[in-house]
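Trainee: Could you take a close look at one part of this model, the cross-links between cysteines, and then work outwards to the elements and side chains worth describing alongside them?

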Amino acid sequence: MVQCYLNSNYGYIIQGDKQETAGGFQLRLTRNQAVDSMFPDPIDNVILDVQYYTNDILRFRLYDANNPRYEVPIPLKPSNGRAPSPKYNFTYHSNSSRDNLFFFKITRQADQATLFDTSAGGLVLNNQFLQIVSRLQSRHVFGFGENNHDTLKHDVNDRRPWGIFARDQGTNEQTRLNHYGTHPFYLVMEQLPNTDQVPSGNMHGVLLLNSNAMDYSFTPMPSVTIRTIGGILDFFVFLGPKPEQVIQQYTWLVGYSILPPYWSIGFHLSRWEYRSLAEMQKVIKRNRDAGVPLDVQHADIDYMDARKTFTIDSINYAGMKEYFLQLNNEGVRTIIILDPALFDDQVNYQPTVQGIQEDVFIKWSNGSELMKGACWPGEVFFPDYFTARTQQWWSRLIRDFRRDMVSFDGLWIDMNEPAVFDTNEERPWNAGETGSNYTLKCPENSFDDPPYRTMAAFRYDEINNKSIRLSQKTLCLSAQQGEIDSSTGKHKYIHYDVHNLYGWSQTKPTLDALRAASGKRGLVLPRSTFVGSGQWSGHWLGDNTAEWHEMKRSIIGMTEFNWFGIPFNGADICGYFNNATEEMCTRWMQVGAFYPFSRNHNNRGTIDQDPAAWSTTSLNSMISVLRIRYTILPYYYTLFYKAHTQGSTVIRPLFHEFPSDKATLDIYLQFLVGPYVMIAPVTDEGARTVQVYIPSSPWYNFYNGSMIPVQNQSISINAPLETIPILLRGGAIVPTQGFANNTKLSRMQPFGLIIIPDLNGNAVGDLFYDDGESIDTITAKSYFLATFKWSSSTSQLTMMVDVNGYKEMSNMKLNSLTIYGLKPTQTTVHVAGKQFSTSLRPNTQIVEVNDMGLPMDPSRWIINVGSINFIKINELCKLYNQNDKDKNGTSTNFLKHLKPIHSVEYKKRYTEEDECLPEEGIFEGNDEPTADLSTTNPSIGFIRLDELENNRQMKKINKRFKMKNQI
C-alpha cells in the first residue's frame with residue numbers, strides 16, 4: 001500500500017542541530033522539495049518535538065513549524081518534567097541513499113528491542129493528509145478500535161486498510177467497518193530475535209492522539225501505516241514491559257477508569273419496545289418469580305412520548321415514576337436512555353425552546369443558522385457539549401426530569417457519534433414513522449469532501465455501489481462547535497476535527513449532572529467513546545445480531561475495551577437484531593454472565609429473550625451461571641477497584657498472564673477474569689465439548705475441584721448445555737459473598753473465600769469493599785481493603801486489613817472457606833477459640849468449611865486448618881517453670897524461649913490472672929514485643945505446640961500435652 005502512494009524519496013530532511021528543551025529536544029525538518037506532494041497544501045517546515053514524559057512513556061509530536069493546527073483538547077496526566085531515568089532511547093538518522101531523508105527509532109534500553117522505526121519511509125504531512133509508517137517489532141499486533149474484526153490479533157499479511165471514525169453502524173453491518181468509538185491505540189507483543197515469532201514476554205503500546213478521521217493498515221514487513229486527515233501527529237509510546245504494565249501506563253496518562261456502583265455489576269434486563277409499562281412489569285415479575293437475579297432494569301426509547309428526549313409516554317407508561325421508585329425500594333435500580341438529538345418543536349417542546357434561547361445547538365459555518373438533521377422523533381438539533389452553557393442546560397434538564405418525571409440511577413446515552421439518519425440522501429429511512437421527509441444535505445467543501453476520504457468513507461462505495469461522503473450517517477463536517485475564540489472571533493472547533501469527540505464531550509457533563517441530581521455515584525453508558533472516556537463511563541458494544549459469530553466478536557470487543565481503559569463493558573447478550581435460538585441464548589447467557597457489564601437486550605420486533613422466556617431447562621442453566629457471577633461479585637468489584645486506582649484490566653487475554661507462551665497469542669475465545677479465573681465458553685452451535693488451552697500453572701476444575709493434569713497444551717473439556725467450563729488458577733484466593741437475587745440483598749450475606757494453592761502450597765488474594773454507591777470513597781478512605789495469604793506448609797490462612805474505613809464491615813462475617821487441592825486428612829479448622837470441621841463437597845475434591853462467623857473487621861487474624869495441637873499458655877508456663885531451672889537453680893520464664901509475638905496481641909494473650917507474666921524487659925526493646933505473629937495461634941490464651949522452639953524441654957512438653965487442651 002505504501003508504494004501505491006509514495007515516491008521512495010518522499011519525506012523530510014534535518015535542518016540544523018537539535019535544540020534541547022525542558023522536557024527533551026526538538027528538531028527542525030524541511031520537506032524534500034525534489035519530490036512533489038501527492039495532496040494539496042504540503043507542510044514544508046515541521047517541528048519534531050521529543051518529550052521524555054516519564055521513565056516509561058515517551059512522547060513525540062510532528063507539527064507545522066509555521067502555522068498553528070488543531071490539537072486534541074482532552075485532559076492528560078501531565079509530565080513532571082524531563083524523565084530522570086528513561087528506559088528508552090530516541091535516535092535519529094539521515095539516509096544518504098535516499099536524499100538524506102530523516103528517520104528515527106525508539107528502542108528499549110534493557111533489551112534493545114525496537115519499538116518504533118520510521119526507516120521504511122512514508123512520512124507525509126499535508127494540511128489534510130498526514131501519514132507515518134513504522135516497522136513493527138513483531139507480527140503479534142493487537143488493539144485499534146472500534147471495528148468488527150474476527151480475531152483478537154491482527155493479520156499483518158492483510159494489507160487492506162481499516163477505518164477509525166465514529167459512526168452509527170453496528171457490529172452486524174458488513175465486515176471491516178468502523179463502529180461507534182475512536183481508539184487509535186495498538187499493542188505489540190515483542191518477539192525474541194532470530195526466532196520463529198517466539199514472544200519475549202515483553203509488550204509495548206503506541207497511542208496516536210488524534211481525533212480526525214483516520215485509517216490504518218499493515219504489511220508483512222511487518223509494518224503499520226497510519227493516515228489521518230487533520231490535526232498533528234502526536235504519539236505516546238508505552239514501554240511496559242509486561243502487558244498489564246502497558247495498560248497501567250496508558251490509563252495513567254488518559255485517566256483511570258470509573259469505579260462502577262456495586263449494583264451495576266449485577267445482572268441487567270432491557271429491550272426496545274416493551275410497548276407499555278405493564279409489559280415491562282410482566283417481564284420483570286416473571287424473571288424475579290423464576291429466581292433470576294436482577295439488579296437493573298433499563299428503559300429504551302419506547303418510554304418516551306413520540307421518542308422525544310426528556311418526555312414520558314403518558315398513556316403507555318403512566319405510573320412509571322411510581323413503579324421505578326418501588327423497584328428501587330426492592331433493590332432493583334433503573335437506567336433510562338437519553339438521546340442527544342432534540343426534536344425541532346420551537347413552540348411546545350421546552351428542551352428545544354430553552355436550548356435555542358440559551359444558544360446550545362450546533363450551527364452551520366455561518367455561525368448563526370442551526371444545523372438540523374433527522375433522527376428518531378423526526379427533525380432534530382444537536383447540542384454542542386463543548387460549551388459551558390450547553391453543559392449547564394443539559395444538567396438542568398437531567399435534574400428536573402429526575403425530580404419531576406421519573407427516578408433513575410443511571411443514564412444510557414445513545415446515538416452520540418452523533419447519529420443522523422440518511423445524511424445526503426433524499427429521505428430518511430423512518431419517514432413513514434415521523435411523517436417528515438427532511439434529511440441533512442451537506443455542501444461541497446474541503447471538510448465534507450477532503451482530498452483523502454479515508455477508509456471510513458470509501459468502504460461504503462462497494463456496499464452502496466456509489467461514492468459515499470464522509471458525512472454519511474452524521475452531521476456535516478463543516479459545522480461549527482465550541483466557544484468563540486477571542487483571538488479569531490470564530491468558533492474554536494469545526495466538526496471535522498472534533499466529530500470523534502462528540503460522545504466523549506457528552507459523557508462527563510452527563511455523569512456530573514447525574515451525580516448532582518442523585519447525590520450518588522451513578523453510571524453513564526455512552527455508545528460513542530474516545531481515548532479517556534473510561535474515567536467517566538462504561539460502554540456497551542452496540543447493535544449486534546443474534547448469531548454465533550457475533551458472540552465470538554463480543555469477546556474480542558470486551559477484551560479490547562479493557563485495553564482502551566473502559567473495563568466496564570459488554571455486549572447485548574443473546575443479540576440485538578433478529579431472533580435468538582434457545583441454544584444460542586443459553587450459551588450467550590453463560591458467557592455474558594462474565595461480561596463486566598452483563599445485560600440482556602434486544603430489538604423491537606424480535607421475540608422475548610429474557611431468561612424466564614425460555615424453557616425450564618434453559619432458565620435453570622441461566623440462573624445457575626448467574627449465581628456463580630453473583631457469588632464472585634466481590635472479586636469483580638476488587639478488580640474494578642484496581643482498574644480505578646492502578647489502571648489494571650478486569651478482563652484480559654491469556655497472554656497477559658503468560659506473555660512468553662506463544663500459543664496464547666492466538667487465543668481469544670478463552671479469557672481471564674482478573675489473573676485467576678479462566679472462562680472457556682462454548683461459542684459453536686451444537687458443541688458439547690470445548691478445546692481449552694492450559695497454560696503453565698496449576699489449574700483446577702471449578703465444579704469438582706480436580707486438578708487439570710496437563711500444562712502448555714490443549715485438552716477437550718465436557719460442556720453440556722447447562723455448563724460453561726470455568727478453571728481456577730493455583731495461587732489464588734478469590735473473595736465471595738452469599739448469593740441473593742439482587743446486590744441489595746447479597747451485600748447483607750456473609751463473605752467466603754475460595755482458596756486455590758499453587759505448586760508451593762501458597763495462595764494470595766485481596767478484597768475491596770465500600771458502600772457501593774458513594775461518589776468518592778477512595779479519597780475519603782471510607783472503604784475496606786484486606787489482603788489474604790494461605791500457606792499449605794503451615795495450613796494457615798491470614799488476613800491483614802490495610803484500610804478499615806467502611807463502618808458496616810464491623811457487621812460482616814467470614815462464614816466459609818472453599819479449598820482446592822487440600823489433603824483429606826486436614827479435617828479441622830481452628831480460629832478464635834473455636835474448632836470447625838471440614839467437609840468434602842459431595843462428588844468433588846473440594847474441601848469446605850461453613851458457619852464460621854468470623855468478624856471481617858479486625859486488623860489481623862489467622863485461621864489454622866488441619867489436626868493441630870494447642871495448649872493454654874498459662875498451663876504451659878506453669879509446667880515449664882517447674883521443670884526448667886538455670887544453673888543457679890532459679891526458675892526462668894518460658895516466654896523467652898518462644899518466638900516473639902506481635903505487640904498488638906500482647907495484651908490480648910496475657911491477663912492479670914496469668915501466673916507467669918514476662919518480667920520487665922524480658923523481651924528485646926521493651927515489654928511489648930514487636931515481631932511476626934504468624935508463629936502463634938491468634939486465639940486468646942492458646943499457642944500451637946508445633947510452633948514452639950525445637951529444644952529438649954519443648955519436646956517433653958509437646959509429648960506430655962499431646963492431644964490435650966485442644967481448641
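Mentor: Cys 442 and Cys 476 are joined by a disulfide, with an S to S distance of 2.1 Å. The model is a predicted one, and the values here are computed from its atoms. The torsion about this S-S bond is about -95 degrees, so the disulfide of Cys 442 and Cys 476 is left-handed. Cys 442 sits in the loop between helix H7 (431–434) and helix H8 (455–464), while Cys 476 sits in the loop between H8 and strand E24 (480–484); the pair therefore ties together parts that are 34 residues apart in sequence. Cys 442 and Cys 476 are both buried.

A search of the whole structure returns two disulfides. Besides the pair just described, Cys 574 and Cys 585 form a disulfide, with their sulfur atoms 2.1 Å apart. Here the torsion about the S-S bond is about 85 degrees, so this disulfide is right-handed. Cys 574 belongs to the loop between strand E29 (572–573) and helix H12 (582–592), and Cys 585 belongs to helix H12 itself, so the parts tied together are eleven residues apart in sequence. Both Cys 574 and Cys 585 are buried. Another cysteine, Cys 375, has a relative accessible area of 2%, which is under the 20% cut-off, so Cys 375 counts as buried.

Helix H12, which carries Cys 585, is mostly covered: of its eleven residues, ten are buried. Among them are Glu 583, Arg 587 and Gln 590, as well as Met 584, Trp 588 and Met 589. The buried residues of H12 pack against two helices, H11 (548–563) and H13 (616–631), and against strands E17 (267–269), E29, E30 (598–600) and E32 (671–673).

Helix H6 (residues 388–404) gives a second helix to examine. Its 17 residues reach 24 Å from the first C-alpha to the last, close to the 24 Å expected at 1.5 Å a residue. The buried residues of H6 are Thr 390, Trp 393, Trp 394, Leu 397, Ile 398 and Phe 401. Viewed down the axis of H6, these buried residues fall within an arc of 135 degrees, so they line one face of the helix. Their packing partners are strands E19 (333–338), E20 (342–343) and E23 (410–413), together with helices H5 (350–357) and H10 (502–518).

Two buried polar side chains complete the account. Arg 59 is located in strand E4 (residues 57–64). Its relative accessible area is 14%, so Arg 59 is classed as buried. The side chain of Arg 59 makes a polar contact with the side chain of Asp 234 at 2.7 Å. Beyond four places in sequence, Arg 59 also touches other residues, including Asp 49, Tyr 53, Leu 76 and Phe 235.

His 140 lies in the loop between strand E9 (130–135) and strand E10 (141–147). With a relative accessible area of 1%, His 140 is buried. Its side chain makes a polar contact with the side chain of Lys 153 at 3.1 Å, and the side chain of His 140 also reaches the backbone oxygen of Gln 197 at 2.9 Å. Leaving aside neighbours within four places in sequence, the contacts of His 140 include Leu 187, Val 188, Met 189 and Leu 665.

Key: Residues are numbered from 1 along each chain as its sequence is written. This is a predicted model: local features need pLDDT of at least 70, side-chain atom pairs count only at pLDDT 80 or more; totals for chains, interfaces and linings use all residues. Side-chain values use heavy atoms; hydrogens and water are left out. Helices (H or I, at least four residues) and strands (E, at least two) are DSSP runs, numbered from the N terminus. Buried means under 20% relative accessible area, exposed over 50%, partly exposed in between (1.4 Å probe, protein chains only). A polar contact is a pair of N or O atoms within 3.5 Å; within protein, one must be able to donate a hydrogen and the other to accept it, and residues adjacent in sequence count only if both atoms are side-chain atoms. Contact means heavy atoms within 4.5 Å. A disulfide is a pair of cysteine sulfur atoms within 2.5 Å. The expected span of a helix is 1.5 Å times one less than its number of residues. The arc is that of the directions from the helix axis to the C-beta atoms.
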